[in-house]
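Student: I should like a close look at one part of this model, namely a pair of helices, the loop that links them and what that loop meets. Please set it in its surroundings as well.

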Amino acid sequence: MTVTIALGLQWGDEGKGKMVDYLSENADLVIRAAGGANAGHTIVNNDKKYILHHLPSGLIHARAQAYLASGMVIDPFSLLKEIQDIEKQGLGDLRNRIKISPAAHLILPWHRDLEKIREKSPGAIGTTLKGIGPAYESRASRKGLPLGLLKYPDLLKQKLISISQDFAPFFEKAGVSVDSANQVHARLLRVAREIVPMLGDLQPLLDKYLQKDNSEIILEGAQGALLDINHGTYPYVTSSSTISGGLLSGTGLGPLQIDEAVGIMKAYTTRVGNGPFPTEIHGETGHKMAKIGGEFGATTGRPRRCGWLDLVALKHAVNLTGVRDLVITKIDVLSVFEKIKVCTAYNLPSGKNSRFFPEDPWILEKCSPIYKTFPSWNISGNLEVDNIDPALQAFIKMIEEYVGARVSFLSWGPQRHKTLRV
Ligand code: IMP
């Protein structure tokens, strides 16, 4: 039995969908631990493109059992649509391969309404508007609604009335009219018929696979380490923990049950939404990178901010997540540039240079990157272990030495075959 954590090391959009799909080829159980439909994981297989938001990427392999763990916040309406859309793409009836924790929390329509109002106000985070933050707030205030409530219509109604009374003053003040508790209750009961049969506990599944010889379990991260609620660029973060510890907490697995941890990184850096981004490239080069890299959000369609690889931030993420193996994605995008830059230190507001990512967000905002410039590489035809351009080999070696983890995979396109184990 092998349990592998696979997660993103930057601000999300590192190509996790493709890589988790690749790593899940023999997986028995694939688990999403945290977040919700803020994720947008793209998988291309046999010329079909799948975009998953709640569902783990490993599900595209026909044998994998998928689990949506208790750390998640789930919008039941959009989850059902996601399942239907994927089923229509020819994957057959998925529902016997999907189990959802009854302890994961519901994202209610009011969570999304609330977020829309807040995000129009000063101090907006640039969220995905999926109701993630407000749903986690309800959960932390012990007013949230676990999905298991869908089995108990009367109790569900009581809880909806109670939480709607908490929200009412906010909506009144904003002058926004929203659905009543009765309306939300009726809508939820309609989807409950389809969701309830998929509810089930994780422990029996874990018992089954942890004891089976040669079984493989993948814990799939969402977003990226730098968006972690505790360790990311607060307040410009998501509302869950996106590092390895968050995946353990979201599923209830213990640290000694993990065999491998793989960190996925792009050869450059992107970010959607607001917040500090020391290596951001403004102007023409940034636009060129976004265009060549197809840097538009899979969830929101928003253009992503682009920048050079930031080794200071990457090393921080490697330390936070404890990954030993790295996957570098989108190496083809940098091959278009003649010269590339890599940030190897920050110049701090104090005037000193540092190789450490500052925990103080106000210091981070004022850091400027110190770059080294390198020649780019050629990627022509199929990349093989013995034909890696020396410039790319030097780039790999520099990353390995700086962050103290080994580069194990390279990826140069969305298709499964554009992946090389090195
Ligand atoms: P939220 O998760 O929707 O609350 O958004 C909080 C921040 O995280 C915003 O900057 C989002 O753009 C960012 N974010 C959330 N999910 C993703 C993702 O899957 N990829 C990239 N950025 C994300």
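Tutor: The account below starts with the helix pair, follows the loop to the ligand, and then turns to other helix pairs.

The model is predicted: local features need pLDDT of at least 70, side-chain atom pairs count only at pLDDT 80 or more, and totals for chains, interfaces and linings use all residues. Residues are numbered from 1 along each chain as its sequence is written, and side-chain values use heavy atoms, with hydrogens and water left out.

Helix α3 spans residues 109-118 and helix α4 spans residues 132-140 (helices are DSSP runs of H or I with at least four residues, strands are E runs of at least two, and both are numbered from the N terminus). Their axes come within 7 Å and cross at roughly 120 degrees (axes are lines fitted to C-alpha atoms, for helices over the stretch in contact, with angles from 0 to 180 degrees between N-to-C directions). The two helices are therefore oblique to each other (under 35 degrees counts as roughly parallel, over 145 as roughly antiparallel, 65 to 115 as roughly perpendicular, and the rest as oblique). The crossing of α3 over α4 is right-handed (the near helix is turned clockwise from the far one by less than a right angle). On the α3 side, H111, L114, E115 and R118 make the contact, and they meet I132, P134, A135, E137 and S138 of α4 (contact means heavy atoms within 4.5 Å). By class, this contact has 4 nonpolar, 2 polar and 3 charged residues (Ala, Val, Leu, Ile, Met, Phe, Trp, Tyr, Cys and Pro are nonpolar; Asp, Glu, Lys and Arg are charged; the others, Gly among them, are polar).

The loop between α3 and α4 contains E119. Leaving aside residues up to four places away in sequence, E119 touches A124, I125, G126, T127 and L129. A polar atom of the E119 side chain lies 2.7 Å from the backbone nitrogen of G126 (a polar contact is a pair of N or O atoms within 3.5 Å; within protein, one must be able to donate a hydrogen and the other to accept it, and residues adjacent in sequence count only if both atoms are side-chain atoms). By contrast, the C-alpha atom of E119 is separated by 36 Å from that of S24, 95 residues away along the chain.

G126 also leads to the ligand: one of its backbone N or O atoms lies 3.3 Å from a ligand oxygen atom. The side chain of T128 places an N or O atom 2.6 Å from an oxygen atom of the ligand. A nitrogen atom of the ligand has a polar side-chain atom of Q223 at 3.3 Å. In total, 15 residues surround the ligand, and T128 is among the closest, with N38, T238, V272 and R302 (a residue counts if one of its heavy atoms lies within 4 Å).

Two further helix pairs complete the setting. The axes of α5 (residues 153-174) and α6 (residues 181-195) come within 9 Å and cross at roughly 140 degrees, and these helices are therefore oblique. Their crossing is right-handed, and the contact has 8 nonpolar, 3 polar and 1 charged residues. Helices α10 (residues 311-321) and α13 (residues 390-403) have axes within 9 Å that cross at roughly 55 degrees, which makes α10 oblique to α13. Here too the crossing is right-handed; the contact has 8 nonpolar, no polar and 1 charged residues.
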